[in-house]
Structures are given as structure tokens and as C-alpha cells.
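User: Please take a close look at one part of this model, a long helix and the pocket beside it, and then set it against the rest of the fold. Please state the cut-offs behind each term as you use it.

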Amino acid sequence: MIATSGRTAYDADLDSFRDQVRKVFDKILQPNLDRWEEEGIVDRDFWRAYGEAGLLCPQVPTEYGGLGLDYRYNAIIGEELAYAGCSAGVTLQSDITVDYLINYGSDEQRARWLPGMVSGDVITAIAMTEPGTGSDLQGIKTTAKRDGNHYIVNGSKTYITNGQNADLVIVVAKTDPNLGSKGISLVLVEREREGFARGRNLDKVGQNSADTSELFFNDVRIPITNCIGEEGRGFAYLMSQLPQERLQIAVGGQAGAQRAFDEAVKFTKDRKAFGQAIFDFQNTRFTLAALKTKLQVGWAHLDWAIKRHVAGELTAAEASAAKLFHTELQWEACDTALQLHGGAGYMNEYPIARLWRDARVQRIYGGTSEIMKEVVARTI
């Protein structure tokens, strides 16, 4: 379990909130995890129950049905989701997509979409990655060309979280291919738009319960008013939101690392070998001691980053460093914990198998570890 004592980012009210989150998860999340993994998607009833419990998009202003809370509440929810081993795309909505509408959307866009995003009646996705373009967003090919008071959207996207469930997709598109990054805009495409199609629910190594899809746009006609903020400012908006996205991934990384460690401790104390508990071998204890030390440092660093972000002081390089450190720690913890499980760790009946599989992509999406190093290196 994630410890609350000694945490510097939270206070007593937030600790009480965490207790409520755990009670909600015990009721609506834990009983369904295995089924979601088998079905490859989280059912919409969960989204609505999650929203009804007040756990979706807690930062949305009260006039749109939200709670008007700061990021620390998002972080607690993200920690508990990751510790539970749940890869549902709710953090994408709460920590990433909703803030584009809060920060840059029009009054009409906010009034139309935010209440449903809070309640769970509206599921969102953001479509950046394309078949031939990953981290280099300036290389995207999808276009949104003006036609009177409409855009005509053409292109394709891949690896899109919530791709099957999404009612609304924020599409990163070029409104002027000749202007480079200044020609990129964010446009909203609704589920029912003619010419918008979903491909298959992609077969992934891990995070099986998260529906991840290909999306296709074939002469999709949307009104100009579906542009978020100013035309041509999309790349700037994406860059301004990256620190929170990367911090959110770091939050999940740290909590996932803690869960892997806890599973290893539990298993090695229960399992016997050569007449004694595996935990009693010096190699096991030293391995776990080293990991516990890194987790201690990790929690302290995460609290530092959360507090800086809430204060509006977390830089892009600091957020990138946080994602780099905590996701690499998560992978180390998961791989070490699986090794300490021996052959049992390779069996899907043990939680560590899922934790290990789900952890691998953390070092890829939101910017690969290599890109994170490049971002940090530019500040040296």
C-alpha cells in the first residue's frame, strides 16, 4: 500500500480523499480488472460510476460540474490507479485531454463537453501519433483544410488510447502545411462525424484493458468552431501541457514501482526454498533493500515535483527528468520483482506478471526515455 505518512505534497484532507478513492476502487474497480483485461476494453458503466464518485476530471470548474480542485487530487487518483494495476484510460481524460478544453477551449466548447467528461458520459482521446510519425509531431501528415466555415480533415492516427470508446477526439492536424510547427492546430472530431472510422483494437504486449486503436479520417467535415483556441497554436498548446502529462506518467511509474516491490516482499516471505523463506537469503534482502532505498528517494522527488507543478513552477525539463527517473525505476522494480518470483513471476495468475507487462510502455509513450534525456540535456 502507498504510505501517506511523511508525504510532503499532501495534507490531512488529501489523505482522507485518498481513503475515499480506495473505497471506491474496492467497489467498482477491483472486481472488474480481470474481465477488462480479457475483453480488451473498460466498459462505459465503469466510466459513469467513476464519474459519479467524483474521480473524473476533479480540476474542472464547478460551473461545469467539476470540483474545482488542484492537481494534487489528480495525483492521488493516479497513484492509486497505478498501484491497483489498472491501465484504464481515465487518467488520459482527467490529466491530459480535459485541460486542453479548460485552458484553451471556447465557452461553447466548455459548456458542451466538460459536464459529460466529469460525469463519464463523454469519453475523450487525443490523436497525435501517426503510422510514420512518433515523437516528432512536426512531421505529422494529417491535415485540416479550410472549406468556407468548415475544415475537411484527412489522415490517420495510431496507438490512440480510448480509441474505441471515445466520443470526442482532439486531433492534432496541420491547418497550414507550409508553416511547420506554427501550422499545427487542435481540432475536435465527434464520434458521429461522417468519414471518421476506427480500426481494430490493437493487440498490445501489456495494458490490455486500455482500448488502443487506429483512427481514420476521410474527408471528415467539421465546423471551424471545432478548433481549440487559435488556429496555428496547436503545437504551442501541446508543449505547454507536456509537463503535466509527463508528471502524470511519473506518478504512475512511482506507484507501479511501489506495488511491484510490495508484491516481491510478500512473495519472498511466503515462499520457501532450501528450508527457509526466500526473503531470508542475503541476496534477496540486499536486492530489496537497494530497491527500497530508491523508492524512498523516488517518493520524496515525486512530492517535490507535484508541489512545484501545483505552484506553476515545474519546468518542461524537470517534468521530463521526473518521467525519465520514475518510469525507469518502475521498470527496474517490476523486472527485479519478477526475478524474485522465479518461474511463478512468468505466470499470469500472479499480479507481478501484469505489472511487468504494463510497465514496459511507460518508458515509451509521452516521450521516450531517450527524448527525455535530450530535453534535459538541452538545459545543461
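Analyst: The account below takes the helix and its pocket, then a strand pair, an enclosed cavity and some single residues.

The model is predicted, so local features are described only at pLDDT of at least 70 and side-chain atom pairs count only at pLDDT 80 or more, whereas totals for chains, interfaces and linings use all residues. Residues are numbered from 1 along each chain as its sequence is written, and side-chain values use heavy atoms, with hydrogens and water left out.

Helices (H or I, at least four residues) and strands (E, at least two) are DSSP runs, numbered from the N terminus. Helix 7 covers residues 234-270. Its 37 residues should span 54 Å at 1.5 Å a residue, and the end C-alpha atoms lie 53 Å apart, which agrees; the expected span is 1.5 Å times one less than the number of residues. Helix 7 nevertheless has a bend of about 40° at Leu242, with a proline, Pro243, following within four residues. The bend is the angle between axes fitted to the seven residues ending at a residue and the seven starting there. Because 31 of its 37 residues are buried, helix 7 is largely enclosed by the rest of the structure. Buried means under 20% relative accessible area, exposed over 50%, and partly exposed in between, with a 1.4 Å probe and protein chains only.

Helix 7 also contributes to the second largest pocket, whose space is about 300 Å³. Helix 7 and helix 8 (282-310) are the elements that give two or more residues to its lining, and helix 8 supplies the largest share, six residues. The lining has 15 residues, of which Ala3, Gln258, Leu295, Gln296 and Trp299 lie nearest the centre. By class, seven are nonpolar, five polar and three charged. Here Ala, Val, Leu, Ile, Met, Phe, Trp, Tyr, Cys and Pro count as nonpolar, Asp, Glu, Lys and Arg as charged, and the others, Gly among them, as polar. A pocket is an open set of points on a 1 Å grid over the protein atoms alone, with protein on both sides within 12 Å along at least five of seven lines; a cavity is a set where a 1.4 Å probe fits but cannot get out, and lining residues have an atom within 4 Å of a point. Grid points are joined across faces, edges and corners, and a volume is the space filled by probe spheres set on them.

The count of cavities of 30 Å³ or more is one. The largest cavity holds about 30 Å³, and its lining consists of Tyr50, Leu55, Asn74, Ile77, Val90, Thr91, Ser94 and Asp95. Helix 5 provides the largest share of that lining, four residues.

Strand 5 (residues 184-190) is likewise largely enclosed, because seven of its seven residues are buried. In a regular strand the side chains alternate between the two faces of the sheet. Ile184, Leu186, Leu188 and Glu190 on one side of strand 5, and Ser185, Val187 and Val189 on the other, are all buried. Strand 4 (residues 168-174) runs antiparallel to strand 5 through seven bridges, where pairing requires at least two DSSP bridges; Val171 stands opposite Val187.

Two residues that are not glycine have positive phi: Tyr159, at about 60°, and Gln207, at about 45°. Tyr159 lies in strand 3 (residues 150-161) and is exposed at 59% relative accessibility. Gln207 sits in the loop between strand 6 (196-201) and strand 7 (212-223) and is buried at 14%.
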